[in-house]
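Dear colleague,

I am passing on the structure we spoke of, and below it you will find notes on what came out of it. Please read them with the coordinates open beside you.

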Amino acid sequence: MWVADMDFETPGFIVEAVSKRASHPVYGYSLMGQSYYEAFISWVKRRHNWEVKKEWMVFSPGIVTAVNTAVMAFTKAGDSVIVQPPVYFPFFNSIKNNKRKQLNNQLIYIDDTYKIDFDDLRKKAMDAKLMLLSSPHNPVSRCWTKNELISLGKICLDNDIIIISDEIHADLILPGHKHIPLASLSEELSQICVTCMAPSKTFNVAGLFTSMIIIENEKLRKKYNEVMESVHLVHANLFGMVAAQAGYSEGDEWVDEMMFYIGQNFNYVDEFLKTRLPSIKMAKAEATYLAWLDFSKTGYKGDKLNAKLVAEAGLGLSPGSIFGPGGEGFMRMNLGAPKQYVEEALVIMKKVF
Ligand SMILES: Cc1ncc(COP(=O)(O)O)c(C=O)c1O
């Protein structure tokens, strides 16, 4: 229950669309058609109330590729990049591998949830050129509110910081919460934002490597494209395109039902831990299918915690320490799975602790 893809089958309408295209025996170079763009633009308008224009959209096979490209395009060696650990760890690699400097604006863990440390962000922002935002946040399951996003955006605007808003989990929102694309909040913000979206998590098609990067600011878009073109990352994946179009055209009901189901998995885990295994706590869940579990009261952490779970429980979770400062003593558990697996996992976890 570690890596972030689901145990659920990709929905039938995507499998059908891909199979239909596969039955046409020419798999040559392909261009994205108008209907591909329209399907995505309409989805983002319907689901997130954001009006994206086709000319703002640029391609990337994956979001991590886009994050690395953005780091190369918008900063130079030695520049500082802000991240908010505990956070999706490939962000750290994109900074380190490109010889940039990582500035941690560590999230604050309080009352079983996470908050942004805005005082610290204001200080760090004075030295930074770029910020990598995870929205909604992997692994702590926060769906950032409008006020939080506006405050964060203002600090970046005041300090000329470009924001890479990684919104790959945007469609995975639990009942009672609402995802807001950062760039949709104001004309000013849309000029400093590079928004990363994809059908990968939403429809469990991560292996088809098709993502949508939205850059309204023409100068930033040009810089991004120059880096992509320098390594000739310009061609779409034929089947990824077909899958994305089918998902964004037909997937509303499927995603709503899937998130309702995942919400029940979260409720089950929370209730189980509170009533039967109180030494382990789950951070309040608002988005994604990733539960963030606090094991600090068990007396186990780091390699010992992981070894205990793997060797004694046969349970593979993601060790919190890989997500950077603040992750030690936590484990990330993937709940994008049939409830039966989740139940089994908790029963063996209870036996072990
Ligand atoms: C926040 C976040 N960004 C990016 C990715 C991966 O994106 P890709 O596979 O498109 O590179 C993940 C996958 O877990 C993720 O959680």
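**A loop residue, a helix and two domains**

Ala206 is buried, because 21 other C-beta atoms lie within 10 Å, where 20 or more are needed for a residue to count as buried. Please bear in mind that this is a predicted model. Ala206 sits in the loop between strand S8 (193–197) and strand S9 (211–215), and, leaving aside residues up to four places away in sequence, Ala206 touches Asp5, Ser200 and Lys201. Met6 is 200 residues from Ala206 along the chain, yet the C-alpha atoms of the two are separated by 9.8 Å.

Turning to helix H9 (residues 238–250), its 13 residues should span 18 Å at 1.5 Å a residue, and the end C-alpha atoms are 19 Å apart, which agrees. Of those 13 residues 10 are buried, so H9 is largely enclosed by the rest of the structure; the buried ones are Phe239, Gly240, Met241, Val242, Ala243, Ala244, Gln245, Ala246, Gly247 and Tyr248. These buried residues pack against helix H1 (12–22) and helix H2 (34–48).

As for the overall layout, the domain assignment gives domain 1 (12–250) and domain 2 (253–352), with 26 Å between their centres, taken over C-alpha atoms. The contact between them takes 28 residues from domain 1 and 22 residues from domain 2, and the side of domain 1 that touches domain 2 has 16 nonpolar, nine polar and three charged residues.

With best wishes

Notes: Residues are numbered from 1 along each chain as its sequence is written. This is a predicted model: local features need pLDDT of at least 70, side-chain atom pairs count only at pLDDT 80 or more; totals for chains, interfaces and linings use all residues. Helices (H or I, at least four residues) and strands (E, at least two) are DSSP runs, numbered from the N terminus. The expected span of a helix is 1.5 Å times one less than its number of residues. A residue is buried if 20 or more other C-beta atoms lie within 10 Å of its own, exposed if 12 or fewer, and partly exposed in between; C-beta atoms are placed from the backbone. Two residues are in contact if their C-beta atoms, placed from the backbone, lie within 7 Å. Domain bounds come from an automatic or database domain assignment. Ala, Val, Leu, Ile, Met, Phe, Trp, Tyr, Cys and Pro count as nonpolar, Asp, Glu, Lys and Arg as charged, and the others, Gly among them, as polar.
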